[in-house]
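Please open the model in your viewer and keep the sequence panel beside it. This tour goes from one selection to the next and says what is to be found at each stop.

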Amino acid sequence: MRRRVAPELPSGKSRLVKLKLPWGVFSKGTHPLPTQPSGPACQFTEAWTPAPLLERVWVDAEVVVLTFGLPDPSAPLGCGDAYIPCVLARGGRDPATGAAFVRPYTPMATTGVGSFRLNVRVYEAGKLSRHLAEMPVGDFLEFRHVPPGHYAQRFLAAADDVAFVCAGTAITTAFQAAERVLRRGRATRVRLVYGSRTTASILNKGDLDALAAAHGDKLVVTHVLSREPADSGWRGERGRVDRGVLKRHLPPPRGSVIVYVCGPAGLCDALCGGGGDGPPPPRCFPSGRRKARGLLGDLGYDRRAVCRL
Ligand SMILES: Cc1cc2nc3c(=O)[nH]c(=O)nc-3n(C[C@H](O)[C@H](O)[C@H](O)COP(=O)(O)OP(=O)(O)OC[C@H]3O[C@@H](n4cnc5c(N)ncnc54)[C@H](O)[C@@H]3O)c2cc1C
């Protein structure tokens with residue numbers, strides 16, 4: 001039988017492919033793909049590879065930070081620098097079918113030697129997240145590399161002023177994207193608006209401080225705390241990531257601007273429009289309208305300036 005070979009695309013062009021997976025429908029290749037992948041390749045390959053759980057730290061009642069050892073302890077995880085990294089994790093066991101659960105995660109500390117981290121929100125009825133919350137330290141979880149272009153691994157567009165708006169564990173995606181934008185040096189300014197519950201539940205605080213220190217006033221991080229005790233002495237933004245916060249901390253909707261928004265679904269729906277339960281398929285540049293949808297549209301951002309990661 002002859003194998004069908006996809007025709008070559010002219011360089012910089014993209015193809016839209018919908019992937020229907022058990023946990024959602026994902027568009028593949030919605031942005032132009034870079035012709036030259038760069039940065040160290042991911043240590044994980046297409047084959048499932050076991051990695052030991054080295055440490056588990058609870059940040060609050062629902063979020064856990066897990067550190068895993070790497071197959072090559074003398075090298076970092078890698079993952080290149082054009083895309084937001086993503087790994088597939090496999091573990092646990094479905095009592096009905098005996099099959100292990102497989103879910104995608106965005107790794108942190110991909111440049112640290114010998115280990116990497118996952119920030120995981122643990123759901124009450126979550127299959128793999130609950131396994132991750134309970135598996136003994138020292139046990140192994142299996143990982144696979146996810147090739148660029150799958151899931152929401154957006155190729156990050158170039159703009160002078162780049163902003164990220166995120167909350168909770170979605171900081172991992174925003175951090176990785178912001179770090180890559182800064183490393184590639186195209187944007188003159190990167191702003192990150194990050195919603196957490198309290199100062200204690202701010203994830204990746206050390207990584208954010210180090211990134212800000214390395215890039216000076218090119219990176220501006222604004223924390224917005226929704227449940228910080230009134231008497232804590234916190235002088236920053238309080239409440240939800242709302243219209244006022246966006247107006248105060250995002251670049252104005254003029255010139256070369258792009259605003260990336262990443263999960264949870266409620267935040268994304270409010271800022272970019274949309275609706276429905278559960279993780280929605282990632283959308284970028286909703287078609288058919290010039291004005292973006294949701295709060296960002298109301299604030300005057302063009303649909304080409306808003307991207308849901
Ligand atoms: C590209 C990509 C990267 C991701 N990176 C991360 C990451 O770094 N950290 C992280 O924690 N997650 C991440 N996720 C989500 C992750 O893949 C799982 O979907 C999540 O851990 C839940 O899996 P589960 O098996 O525990 O829950 P499931 O068994 O799949 O779901 C069981 C129940 O959990 C609840 N639930 C599951 N997901 C959600 C949700 N999003 N919102 C509300 N309720 C939900 C619902 O009640 C659902 O019925 C990422 C997803 C994608 C697509």
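The pLDDT is the predictor's confidence in each residue, on a scale from 0 to 100. This matters at the outset, as the structure on your screen is a predicted model.

**The whole chain**

Begin with the whole chain selected and coloured by pLDDT, for which the average is 82, with 79% of the residues scoring at least 70. Then select residues 1–37, where the pLDDT is below 50 and where the model has 51 contacts beyond near neighbours in sequence. A second stretch to select is residues 276–288, over which the pLDDT stays under 50, and here the model has 25 contacts beyond four places in sequence.

Now switch to a cartoon view, in which the secondary structure comes to six helices and 15 strands. Of the 309 residues in the chain, 36% count as buried. If you consider the contacts between residues at least 6 apart in sequence, 68% of them join residues at least 24 apart.

**Strands β3, β4 and β8**

Select strand β3, residues 49–58, together with strand β4, residues 63–69; the two run antiparallel and are joined by five bridges. The link from β3 to β4 is a hairpin through four residues. To see one pair in this arrangement, show W58, whose bridge partner in β4 is V64.

Keep β4 on the screen and add strand β8, residues 115–121, which pairs with β4 in the antiparallel sense over seven bridges. Here L66 is a useful residue to label, since it stands opposite L118 in β8.

Just before β8, select A109, which is found in the loop between β7 (107–108) and β8. Its phi is positive, about 55 degrees, although A109 is not a glycine. Is A109 buried, exposed or partly exposed? A residue needs 20 or more other C-beta atoms within 10 Å to be buried and 12 or fewer to be exposed, and A109 has 17 such atoms, so it is partly exposed.

**Helix α1**

Next select helix α1, residues 127–134, and within it show the buried residues, which are L128, S129 and L132. They cover an arc of only 100 degrees around the axis, and therefore they lie on the same side of α1. To find what covers these buried residues, display β4, β5 (87–91), β6 (101–105) and β8, which are among the elements that do so.

**Helix α2**

Move on to helix α2, which takes in residues 171–184, and use the distance tool on its end C-alpha atoms. How far apart are the end C-alpha atoms of α2? They are 20 Å apart, and this agrees with the 20 Å that 14 residues should span at 1.5 Å a residue. The helix is mostly covered, with ten of its 14 residues buried; among them are I171, F175, A178 and V181. After α2 comes G185, whose phi is positive and near 70 degrees.

**The parallel sheet**

Now select β10 to β15, which form an open sheet of six strands with parallel pairing, in the order β13-β12-β11-β10-β14-β15. At the edges are β13 (237–238) and β15 (306–308), each of which pairs on one side only. At the β13 edge, strand β12, residues 219–225, pairs with β13 in the parallel sense over two bridges, and V224 can be shown opposite E237 in β13.

Two loops deserve a stop of their own. In the loop between β11 (189–196) and α3 (205–215), select N204, a residue other than glycine whose phi is nevertheless positive, near 55 degrees. N204 has 22 C-beta neighbours inside 10 Å, and so it counts as buried. In the loop between β14 (257–262) and α5 (265–272), select P264, where the peptide bond from G263 to P264 is cis, with omega near -5 degrees.

**The nonpolar core**

For the last stop, which residues of the largest nonpolar core touch the most other members? In this core of 69 residues they are A174, V259, Y260 and V261. Finish by selecting V261 with the residues it touches, which, leaving out those up to four places away in sequence, are V165, C268, L271, C272, V306, R308 and L309.

Note on methods
Residues are numbered from 1 along each chain as its sequence is written. This is a predicted model: local features need pLDDT of at least 70, side-chain atom pairs count only at pLDDT 80 or more; totals for chains, interfaces and linings use all residues. Two strands pair if DSSP finds at least two bridges between them. The expected span of a helix is 1.5 Å times one less than its number of residues. Two residues are in contact if their C-beta atoms, placed from the backbone, lie within 7 Å. A nonpolar core is a set of buried Ala, Val, Leu, Ile, Met, Phe, Trp, Tyr and Cys residues joined through C-beta atoms within 7 Å. The arc is that of the directions from the helix axis to the C-beta atoms.
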